[in-house]
Amino acid sequence: MASFKSPPLLIFRYRSTVISLEKQFKILAFAGSLRKGSFNKALIRAALELAPANVSIEVFDLEGIPLFNNDSVIDPPAKVVEFKEKIRNADALLIATPEYNYSISGVLKNAIDWASRPKEGNPLEDKPVAIMSASTGRLGGARAQYHLRQSFVFLNIHAINRPEVMLSNAAENVDAAGKLTNEQTRTLIRQLLEALVTWTNRLKCNRQFVD
Ligand code: FNR
């Protein structure tokens, strides 16, 4: 009985690998900062440069998302509708979060709150996510990342554990043109993107096998 069940799993894994090589993998990226010279936006720009060939990254600017109002979740503002649609259509998300007062920014929390409601049809449900952070402090936004992960538990969002991309002393590691100059962080971002593709394919494979 056991030997009869194993072959379909192997065939499926083989098939899923083929799909992952052929298909363009779509990531939606956003930074939790509206600042023009944002160091977190610099991380996203670095990700655009470092993405593997089969990965396309679309950047979404959170500017213009109004403050969350639970009275409006059934008929949300146009910018929120657009945001939710782009999340739905993406294979995975890439979030760059600032650290504000040991937590994430209000801008990012507000956007996540909008995207998560109403609960029915919430596009964040079951979504694979990679997190990065940049701060002018020594810990590179580590505390914000762990707060974000706490929200992800409730939302059933699947965040990658490794590598951790936390850019500390950001002002010294992003040049005047807004380019991330820290080579170690650039390497980590490349690894994070590769890990996000692998992680997403593992989840897809598992989902289809279980369903
Ligand atoms: C900060 N900053 C900050 N940095 C940090 O490492 N830990 C923190 O708790 C805070 N708290 C904080 C609160 C507020 C209100 C501001 C405005 C700033 C500094 C923060 O890392 C710095 O401003 C970054 O440049 C913010 O990210 P962006 O906008 O460059 O992406």
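User: Where is serine 33 found, and why does serine 33 count as buried or exposed?

Analyst: In this predicted model, serine 33 is found in the loop between strand 1 and helix 2. Buried means under 20% relative accessible area. Serine 33 has 5% relative accessibility, and therefore counts as buried.

User: What does the side chain of serine 33 reach, and what makes this a polar contact?

Analyst: The side chain of serine 33 reaches the backbone nitrogen of arginine 35 at 3.2 Å. A polar contact requires a pair of N or O atoms within 3.5 Å, and the value of 3.2 Å satisfies that limit. Leaving aside neighbours within four places in sequence, serine 33 is also in contact with Ser38, Lys41 and Pro98.

User: Why is strand 1 described as largely enclosed by the rest of the structure?

Analyst: Six of the seven residues of strand 1 are buried, and so strand 1 is largely enclosed by the rest of the structure.

User: How do you know that strand 1 pairs with strand 2?

Analyst: Two strands pair if at least two bridges are found between them. Five bridges join strand 1 to strand 2 (residues 55-59), so the condition is met. The two strands run parallel, and lysine 26 stands opposite serine 56 in strand 2.

User: What joins strand 1 to strand 3, and which residue stands opposite isoleucine 27?

Analyst: Five bridges join strand 1 to strand 3, and these strands run parallel. Isoleucine 27 stands opposite alanine 92 in strand 3.

User: What makes the unit of strand 1, helix 2 and strand 2 right-handed?

Analyst: The term applies when, with the strands pointing away from the viewer, the path from the first strand over the helix to the second runs clockwise. Strand 1, helix 2 (residues 39-50) and strand 2 make a β-α-β unit of this right-handed kind.

User: Where is phenylalanine 60 placed, and why does phenylalanine 60 count as buried or exposed?

Analyst: Phenylalanine 60 is placed in the loop between strand 2 and helix 3. Its relative accessibility is 5%, so phenylalanine 60 counts as buried, the cut-off being under 20%.

User: Which residues are in contact with phenylalanine 60?

Analyst: Leaving aside neighbours within four places in sequence, the contacts of phenylalanine 60 include Leu28, Ala29, Phe30 and Phe83. Phenylalanine 60 and phenylalanine 83 are 23 residues apart in sequence, and their C-alpha atoms are 7.6 Å apart in space.

User: How do you know that the span of helix 3 agrees with the expected value?

Analyst: The 12 residues of helix 3 (residues 78-89), at 1.5 Å a residue, should span 16 Å. The end C-alpha atoms of helix 3 are 17 Å apart, which agrees with that expectation.

User: Which residues of helix 3 are buried, and how do you know where they lie around the axis?

Analyst: The buried residues of helix 3 are Val80, Phe83, Lys84 and Ile87. They cover an arc of only 95° around the axis, and are therefore on the same side of helix 3. These buried residues pack against strand 1 (25-31), strand 3 (92-97) and helix 4 (106-115).

User: Which peptide bonds to proline 118 and proline 163 are described, and what is the omega of each?

Analyst: Arginine 117 and proline 118 are joined by a cis peptide bond, with omega about -5°. Proline 118 is found in the loop between helix 4 and strand 4 (128-134). The bond from arginine 162 to proline 163 is likewise cis, with omega near -5°. Proline 163 has its place in the loop between strand 5 (158-159) and strand 6 (165-167). Most peptide bonds are trans.

User: What is phi in aspartate 126, and why is aspartate 126 called partly exposed?

Analyst: Phi of aspartate 126 is near 70°, a positive value in a residue other than glycine. Most residues other than glycine have a negative phi. Aspartate 126 is found in the loop between helix 4 and strand 4. Partly exposed covers values between the limits of 20% and 50%; the relative accessible area of aspartate 126 is 24%, so the term applies.

User: What is phi in asparagine 156, and why does asparagine 156 count as partly exposed?

Analyst: Asparagine 156 has a positive phi, near 55°, and lies in the loop between helix 5 (142-155) and strand 5. Its relative accessibility is 31%, and asparagine 156 therefore counts as partly exposed.

User: How many helices and strands does the protein chain have, and what percentage of residues count as buried?

Analyst: The protein chain has seven helices and six strands. Of its 211 residues, 46% count as buried.

Technical notes
Residues numbered from 1 in each chain as written. Predicted model: local features only at pLDDT ≥ 70, side-chain atom pairs only at ≥ 80, totals over all residues. Heavy atoms only, no water. Helix = DSSP H or I, 4+ residues; strand = E, 2+ residues; numbered from the N terminus. Expected span 1.5 Å × (residues − 1). Buried < 20%, exposed > 50% of the residue type's maximum accessible area, 1.4 Å probe, protein only. Arc of directions from axis to C-beta. Contact = heavy atoms within 4.5 Å. Polar contact = N/O pair within 3.5 Å; in protein donor to acceptor, adjacent residues only side chain to side chain.
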